[in-house]
Structure formats: structure tokens, C-alpha cells
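Q: I have a model with two chains in front of me. How do I read the contact between them?
A: Take it step by step, beginning with the structure itself.

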Amino acid sequence: MHFSLCDLAADIAQNAAESGASVLEADIAETDTEFRFAIADDGKGMTESQLERAKDPFHTDGKKHPGRKVGLGVPFLIQTAAQSGGGWDIRSRPGIGTTVEASFDLGNIDAPPVGDVPGLLRTILLFEGPAEMVLRRSYNGTRGRTAYEVRKTELVEALGGLEYAGDLVLLDTYLRSLEEDDEETDET
Amino acid sequence: MAKMTLEELRKLRDSKKTDLRKREADGKEIQVIVGMGTCGIAAGAKASLDAFLTALDEKKLADGVLVRQTGCMGLCHSEPTVEVVVPGMPTVIYGKVDAAIAREIVEKHLIGRSLLENLILDRPAADIIGGN
């Protein structure tokens, strides 16, 4: 099981990054009562029967880890949603791509904590694969209000890369500044 | 602090790029590669990566070390796993790398140039490198 909802989203995003996608899009929307994410890729996609099998924890396509009999990413999502009154949906078409959506009721005692959202965005940006990633994040609740979008190509251009630890420290600083309340930014 | 713009990020990057920033030729850099498969994420690999960034920043090594993420290295029993590549030293995979051990790897392996013998897993699992 993943400790936080952000870890869960990171796992799903890693699947998208490994799908052969050229574009990965992620939407992370949070209020005080709900956490939603949608992660879409334009990678190889799955047929209906492949998708059914992906929901089985004792199934993997065997390509990445020949001889293994488990694949836990999607089953973790389904289990977490089932135990905490959340919802999930996976739509996939071969050759077109896959979209995974999930929503969680943060008031449910069994819902995992949200976790570190800007850290999640950094984690997604560091997955190898898609040339472009478009990540959208919003929060609207008692801590304030923020909504922003980052693009991998723009960040790579501004930082000169996303490889050196120094680039990533600056990326963290940037992403955490975007979490600041929209109102306060408007005033300054 | 207000939200930064991309332009401000670019300026900050330029201001940090001092003479100390010497990026060596490909293949000669120190690399820290963190396993971020389902197993790694579940075991707290993100916290380990955070700890590497903090430690590298503190030790003024941030501009000389590549930090990357990879998928499962087949050693799910010992996650979080981290591969450390230091030119002139054997490439090793460490297991059970929590935040404290991440700091220890920076101090002893990257700076001290000695291996943390008890945590070495040697190489990826046989089915990952062998293909069957």
C-alpha cells in the first residue's frame, strides 16, 4: 500500500511515463474535503481484456520483469479507493493512450493523507519518457487558494535541465512558491 | 513569499551558476539513481530522494551530482534502493536507503570515497539483467 495519495498518483504517473507517451498530462485538484487526480498519456494504451488483467494484482505483462507474477500499481489504486469510499476510472484505447482518474473523500477515516503535492509534481517531472508533461494543480480551501500549471519543456528551458541535484533544488523552490495563496501574490 | 515566475526562476538559476559549477563530460559525473517503481514509492523512495537533495545542497555538491529516478531494479525486498555511480569506484546498489542512510551515502561514499559495506546489494536482480 502507498502511504499517501500523492504516492498513489506518482505510481499511476510512472505507468503513464513508461507507456511510450510523448505527452503526459496530470491534473491534481484538492479541496478540504476531496482530492482528485487525472493522469492521461498518449502511449500504447490497452485493450479491454488487457485493462481487465491490469486490475489483477497477480498479473503483469512480464516484459519489464520476466518471470514475475505481480503488478501492484493499479490494484493499489483500486484497493485504496474501495477501502475509503473513493472512486476511480480507467479509460484506455490501444494506440491512443490511457487516462486514469481517481477521487478520494478526505473526510473518510480510511482515506490516506494527501501527502506532498509539489513533491509529487517534481516526482512526475523526473520520470523518464514523455518529452512534454503538462501538470495542473489547484487547491481551494481553508489554507487559501492556488491554481497553476507547469510544463516540462518550459522548466527544462528555464533551468537548463532537470538532471543535476542543483536543478532539482531550484525546481522544488519554484514549485513550493506556486503553492502560495493566489490572493497574496495578487497584492504584491 | 509570492509565486515565482519562470523568468524569476531563470534569474535564480543564473545567479547560482557560479564558477564552482563545473559540469564534467558525459559519463564522468557522479550519479545517484533512485528506484521509483511501485515498490520504491511504497517504501518511501521520495523521502530518500528529498534527503539526497538536501544533503547534496548542504555539502555544496548539488551542481556536480546527477540525481535520477528509475523504475524497479528487481530488489523489492530491500526498497528504497539507490544506485550510486562514482567515477573510479565500483558502481553499487544500496538497499533500505532511508533519509538517514541517504545522508550517510553522501558523506561516506560521495565525499569520503568509501563504500557502506553492510548495505550493498551488488547488482540488479537476475531477472532484470538476464531477461529471464
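**Reading the interface of chain B and chain A**

A: Begin with charge pairs. This is a predicted model. Across the interface of chain B and chain A, the rule finds 5 salt bridges. One of the pairs is Glu163(A) with Arg68(B), whose closest N and O atoms lie 2.8 Å apart.

Q: How many residue pairs are in polar contact across the interface?
A: There are 18 such pairs, with both residues at pLDDT 80 or more. Several elements of chain B supply at least two residues each to the side that touches chain A, among them helix H1 (6–16), helix H3 (45–58) and strand S2 (65–70). By class, that side of chain B has 20 nonpolar, 9 polar and 14 charged residues.

Q: How much area do chain B and chain A bury between them?
A: About 3,800 Å², with 58% of it on carbon and sulfur atoms. Lys3(B), Ile41(B) and Gln69(B) supply 19% of the area that chain B buries against chain A, more than any other three residues. The contact draws 43 residues from chain B and 48 residues from chain A.

Q: At what angle do H6(A) and H3(B) pack?
A: The angle is about 110°, and the axes are 10 Å apart. Angles from 65 to 115 degrees count as roughly perpendicular, so H6(A) and H3(B) are roughly perpendicular to each other.

Q: Which residues meet where H6(A) packs on H3(B)?
A: From H6(A) come Ala165(A), Leu168(A), Val169(A) and Asp172(A); from H3(B) come Leu53(B), Leu56(B) and Asp57(B). By class, this contact has 5 nonpolar, no polar and 2 charged residues.

How values were computed: Residues are numbered from 1 along each chain as its sequence is written. Chains are lettered from A and ligands numbered from 1 in the order in which they are written. This is a predicted model: local features need pLDDT of at least 70, side-chain atom pairs count only at pLDDT 80 or more; totals for chains, interfaces and linings use all residues. Side-chain values use heavy atoms; hydrogens and water are left out. Contact means heavy atoms within 4.5 Å. Buried area is the accessible area (1.4 Å probe) that two parts lose on being put together, summed over both. A salt bridge is a side-chain nitrogen of Lys or Arg within 4 Å of a carboxyl oxygen of Asp or Glu. A polar contact is a pair of N or O atoms within 3.5 Å; within protein, one must be able to donate a hydrogen and the other to accept it, and residues adjacent in sequence count only if both atoms are side-chain atoms. Helices (H or I, at least four residues) and strands (E, at least two) are DSSP runs, numbered from the N terminus. Ala, Val, Leu, Ile, Met, Phe, Trp, Tyr, Cys and Pro count as nonpolar, Asp, Glu, Lys and Arg as charged, and the others, Gly among them, as polar. Axes are lines fitted to C-alpha atoms, for helices over the stretch in contact, and angles run from 0 to 180 degrees between N-to-C directions. Angles under 35 degrees count as roughly parallel, over 145 as roughly antiparallel, 65 to 115 as roughly perpendicular and the rest as oblique.
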